[in-house]
Amino acid sequence: NKEGLDSVVYTNRGCHIGHITPRFKSMIPENYKGTIVLQMGGNDCSVTTAGRITSDYKTAIDKIQQHAPNSHIIVGGITPRRLRGKHMADRINMVNNNLRELAIKSPGISFMCTMYEKTLFAWDQVHFNELGRKTFVSNLKTTIFRLQKSAIVKR
């Protein structure tokens with residue numbers, strides 16, 4: 001809201017995609033026509049395969065599209081978890097590549113890239129610090145305005 005976007009944010013820290021998906025109906029008004037941003041899946045990367053995470057993400061997107069078919073979904077790529085090792089980084093990259101491909105092939109879905117420097121994370125190298133949050137919001141704002149401009153041009 002401070003950046004000039006009318007928004008509502010729901011935080012589900014510590015949850016997995018499967019825990020969040022059933023909550024969408026209470027978070028998103030039926031037939032909502034705006035932009036919905038999904039930033040989830042990081043916790044899933046600690047416990048399951050890239051294929052399962054991608055499948056859970058597709059299920060979540062399908063549920064949103066059934067509930068709010070005229071909305072536009074921005075999928076934020078899973079951010080790095082730098083202290084978790086190469087295996088975790090490879091899994092995150094695989095999921096992000098799958099989500100990017102899904103967005104390319106699917107109308108009404110966009111993917112937001114997540115190239116973030118180590119300096120944007122808190123001590124745990126998982127959650128954003130204040131500068132990281134500001135950077136994330138700035139990237140999100142740019143993505144939303146780009147999508148709005150693109151929609152105006154298409155009309």
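A residue is called buried when its relative accessible area is under 20%. Ile-92 has a relative accessibility of 4%, so Ile-92 counts as buried. The model described here is predicted. Its protein chain contains five helices and three strands, and 41% of the 155 residues are buried.

**Overall layout**

- From start to end of the sequence, the helices and strands of the protein chain follow the order α-α-β-α-β-α-β-α.
- Among contacts in the protein chain with a separation of 6 or more, 70% join residues that are 24 or more positions apart.
- Strand 2 and strand 3 pair in the parallel sense, with four bridges.
- One of the residues in these bridges is Val-75, whose partner in strand 3 is Phe-111.
- In strand 3, Ile-109 and Phe-111 point one way, while Ser-110 and Met-112 point the other way. Residues on both sides of strand 3 are buried, namely Ile-109, Phe-111, Ser-110 and Met-112.

**Nonpolar cores**

- In soluble globular proteins, nonpolar side chains tend to be buried together.
- The largest nonpolar core in this model holds 28 residues. Phe-24, Leu-38, Met-40, Tyr-57, Ile-61 and Val-75 have the most contacts inside this core.
- At least two residues of this core come from each of helix 1 (17-20), helix 2, strand 1, helix 3, strand 2, helix 4 and strand 3.
- A second core, separate from the largest one, has ten residues, among them Phe-121, Phe-136, Ile-144 and Leu-147.
- When neighbours within four places in sequence are set aside, Leu-38 is in contact with Phe-24, Tyr-57, Ile-61, Ile-64, Ile-73, Ile-74, Val-75 and Gly-76.

**Helix 3**

- Helix 3 is made of 18 residues. From its first C-alpha to its last, helix 3 reaches 26 Å, close to the 26 Å expected at 1.5 Å a residue.
- Its buried residues are Ala-50, Ile-53, Thr-54, Asp-56, Tyr-57, Ala-60, Ile-61, Ile-64 and His-67. Seen down the axis, the buried residues of helix 3 fall within an arc of 160°, so they line one face of the helix.
- An α-helix has 3.6 residues a turn, so residues three or four places apart point the same way.
- Helix 1, helix 2, strand 1, strand 2, helix 4 and strand 3 are what the buried residues of helix 3 pack against.

**Helix 4 and Ile-92**

- Helix 4 runs over residues 86-105 and has 20 residues. The distance from its first C-alpha to its last is 29 Å, close to the 28 Å expected at 1.5 Å a residue.
- The buried residues of helix 4 are Met-88, Arg-91, Ile-92, Val-95, Asn-96, Leu-99, Leu-102 and Ala-103. They lie on the same side of helix 4, because they cover an arc of only 130° around the axis.
- Helix 3 (50-67), strand 2 (72-76) and strand 3 (109-112) are included in what covers the buried residues of helix 4.
- On the face of helix 4 turned away from its buried side are the exposed residues Lys-86, His-87, Ile-104 and Lys-105.
- Ile-92 belongs to helix 4. Leaving aside neighbours within four places in sequence, Ile-92 is in contact with Cys-45, Ile-78, Thr-79, Pro-80 and Arg-81.
- Ile-92 and Thr-49 are separated by 43 residues in sequence, and their C-alpha atoms are 9.7 Å apart in space.

**Residues with positive phi**

- Most residues other than glycine have a negative phi.
- Asn-31 is not a glycine, yet its phi is positive at about 65°. Asn-31 sits in the loop between helix 2 (24-27) and strand 1 (35-38). Its relative accessible area is 45%, so Asn-31 is partly exposed.
- Gln-125 is another residue other than glycine with a positive phi, near 60°. Gln-125 is in the loop between strand 3 and helix 5 (130-154). Its relative accessibility is 13%, so Gln-125 counts as buried.

**Cysteines**

- A disulfide is a covalent bond between the sulfur atoms of two cysteines.
- Counting pairs of cysteine sulfur atoms within 2.5 Å, the number of disulfides is zero.
- Cys-15 counts as buried, at 17% relative accessibility. Cys-45 also counts as buried, at 0% relative accessibility.

Notes
Residues are numbered from 1 along each chain as its sequence is written. This is a predicted model: local features need pLDDT of at least 70, side-chain atom pairs count only at pLDDT 80 or more; totals for chains, interfaces and linings use all residues. Side-chain values use heavy atoms; hydrogens and water are left out. The expected span of a helix is 1.5 Å times one less than its number of residues. Buried means under 20% relative accessible area, exposed over 50%, partly exposed in between (1.4 Å probe, protein chains only). The arc is that of the directions from the helix axis to the C-beta atoms. Contact means heavy atoms within 4.5 Å. Two strands pair if DSSP finds at least two bridges between them. A nonpolar core is a set of buried Ala, Val, Leu, Ile, Met, Phe, Trp, Tyr and Cys residues joined through side-chain atoms within 4.5 Å.
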